[in-house]
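Please read the points below with the coordinates open beside you. They concern internal space, strand pairing and one helical residue.

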Amino acid sequence: MKYVVPGGLLLFLFLCISCVEYTPKPRGYFRIEPPRASYQALPLDSLPYTFNVSQLVTVELPEIDSPEGWINLSYPSLGVKIYCSYLPVTPASLKTAEDESRLLVSRQTKQVNTVKEQVYSNPEEQVYGSLFLLDGGSVSPVQFMLTDSVANFFRGALYYDCQPNADSLAPLTDYLRQDIIELIQSFSWKK
């Protein structure tokens, strides 16, 4: 006994199957889960300052021609660097250094009013400064500046080694922001 499918039923089945839409899945991103933060003192005695750094950090000294006191804090496993610069200042040149630092912050964001500034003050260690949190589309979402208001000025900026996608990098940016807060809170000038 042979079973024959009527032509109308076959056409109906074909139309039902062909009407199913295919929608491609969006591109996915790897989940970034950095390890629990653990800190140690900056392992360089030759610098005019000290602070705590994450154990994930590799401290890089810039090229020989770079000004004294400049360092890079590299997170090789995360593809991130914090570029740090140091300037000896006078009370007269301090305003210029602060203004230039704020100008660099404003250049990194699309809208200046999206920059959140958190002021920091530690009179015991003579460390005063600001932490800048920039909008998600910035290539440098976290920046900071520190000074003793007399002779020293220190600035840092976080940069990713990739095209930043704020939503995907938000957990990593929060993690690194905590590392920078630890840096700021443990910062002291060598006398």
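The points that follow refer to a predicted model.

1. On internal space, the structure holds one cavity of 30 Å³ or more, and the largest cavity contains about 50 Å³ of space. Its lining is made up of Asn52, Val53, Ser54, Val57, Leu73, Tyr75, Ile82, Asp179, Ile180 and Leu183.

2. Sorted by class, that lining comprises seven nonpolar, two polar and one charged residues. Strands β3 (52-54) and β5 (71-75), together with helix α3 (166-186), each contribute at least two residues to the lining of the largest cavity.

3. Turning to strand β10 (residues 152-160), I note that the strand is mostly covered, with eight of its nine residues buried. Strand β6 (residues 80-88) runs antiparallel to β10 and is joined to β10 by nine bridges, and within β10 it is Ala157 that stands opposite Tyr83.

4. Strand β9 (residues 142-147) is also antiparallel to β10, the two being joined by five bridges, and Met145 has Arg155 in β10 as its bridge partner. The hairpin formed by β9 and β10 has four residues between the strands, and in this hairpin Ser149 adopts a positive phi near 70°.

5. A separate point concerns Asp174, which is found in helix α3. Is Asp174 buried or exposed? Because its relative accessible area is 38%, which falls between the 20% limit for buried and the 50% limit for exposed, Asp174 is classed as partly exposed. Measuring from C-alpha to C-alpha, Asp174 and Pro141 lie 9.9 Å apart in space while being 33 residues apart in sequence.

Methods. Residues are numbered from 1 along each chain as its sequence is written. This is a predicted model: local features need pLDDT of at least 70, side-chain atom pairs count only at pLDDT 80 or more; totals for chains, interfaces and linings use all residues. Side-chain values use heavy atoms; hydrogens and water are left out. On a 1 Å grid over the protein atoms alone, a cavity is a set of points where a 1.4 Å probe fits but cannot get out, and a pocket is an open set with protein on both sides within 12 Å along at least five of seven lines; lining residues have an atom within 4 Å of a point. Grid points are joined across faces, edges and corners, and a volume is the space filled by probe spheres set on the points. Ala, Val, Leu, Ile, Met, Phe, Trp, Tyr, Cys and Pro count as nonpolar, Asp, Glu, Lys and Arg as charged, and the others, Gly among them, as polar. Buried means under 20% relative accessible area, exposed over 50%, partly exposed in between (1.4 Å probe, protein chains only). Two strands pair if DSSP finds at least two bridges between them.
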